[in-house]
Amino acid sequence: MTQSIALNQMSKMKFHGMMEAYKTILDSNKHHDLNPEELINHLLQAEWEERENRKINRLYKTAKFRYSATVEELEFSPNRGLDKMQVLRLADMSFIKRKENILITGATGAGKSYIASALGNQACMQGVRTQYYNTTKLFPKLKMLKADGSYIKEIARIEKQDLLILDDFGIQQLDEMARMALLEIIEDRHGRASTIVVSQLPVTKWFETIGDSTIADAILDRLVHTAHRIELKGESMRKKQ
């Protein structure tokens, strides 16, 4: 088989990583230095890496994070109340394997959403299906979907995410529809998948925000107990910038 035919077949089979690696080898005239086993291993590794990168990029694009953030960019300081060792432990994503939740609280501008986005990005890097939602937009959207019959489909999509990020929780008092939607989401995910909730309200205020005592008990019982907590302190990070 000639080199041009091999490249053409790689292209048709969409082995793009393999094709680019083979082109590089041919252009550098290094194919004479590799035995058949070394060449095959090199091409297979290139194809595997290219597919993994495509998967990660697809997961990141679908997640729709609020910020393009990474764990490496986080600012750790005692004044912030952000424990570096805790964040690094969470960044290994073992909490997702254990189906545990994370609750991030703190004042406006403290960097809560940035931390959640960084952990979400880390999850995507490890091939974890992740979705970010701003709750002030999610609940009105779900209300509209109930009207046109798409609600169940959207709830099912939320349920299948390995990591769900609910940002800006508690900015608005939940109405009956939002309470029931939140209960359904948390109930579906309890013991099956991990959720990160971000709020400027302390967890002690969540009961009041949810509104109905019975539903609030049910939601918080499934969400809060055994969850990892990050409670940020100090002045707004935006002021520093």
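1. Two strands pair if DSSP finds at least two bridges between them. On that basis, five strands of this predicted model form an open sheet with parallel pairing, in the order S2-S3-S4-S1-S5.

2. The edges of the sheet are strand S2 (130-134) and strand S5 (228-231). Each of these has a single partner strand, so one side of each is left without a neighbour in the sheet. On average, neighbouring strands of the sheet are turned by 10° against each other, with direction ignored.

3. For the edge strand S2, the contact with S3 can be described in detail. S2 and S3 run parallel and are joined by five bridges. Gln131 stands opposite Leu164, a residue of S3.

4. On confidence, the protein chain has an average pLDDT of 88, and 95% of the residues score at least 70. Among the elements of the chain, strand S3 (residues 163-167) has the highest mean pLDDT, at 98. The lowest mean, 53, belongs to helix H12 (residues 237-240).

5. How many cavities of 30 Å³ or more are there? The count comes to one. The volume of the largest cavity is about 30 Å³, and the cut-off for this count is also 30 Å³.

6. Which residues line the largest cavity? The lining consists of Leu166, Phe169, Leu182, Val197 and Leu223. By class, this lining has five nonpolar residues, with no polar and no charged ones. One of the lining residues, Leu166, falls within the residue range 163-167 of strand S3.

Notes
Residues numbered from 1 in each chain as written. Predicted model: local features only at pLDDT ≥ 70, side-chain atom pairs only at ≥ 80, totals over all residues. Heavy atoms only, no water. pLDDT = per-residue confidence, 0-100. Helix = DSSP H or I, 4+ residues; strand = E, 2+ residues; numbered from the N terminus. Axes fitted to C-alpha atoms, helices over the stretch in contact; angles between N-to-C directions. 1 Å grid on protein atoms, 1.4 Å probe; cavity = no way out; pocket = protein on both sides within 12 Å on 5 of 7 lines; lining within 4 Å. Points joined across faces, edges and corners; volume = space filled by probe spheres on them. Nonpolar A, V, L, I, M, F, W, Y, C, P; charged D, E, K, R; others polar.
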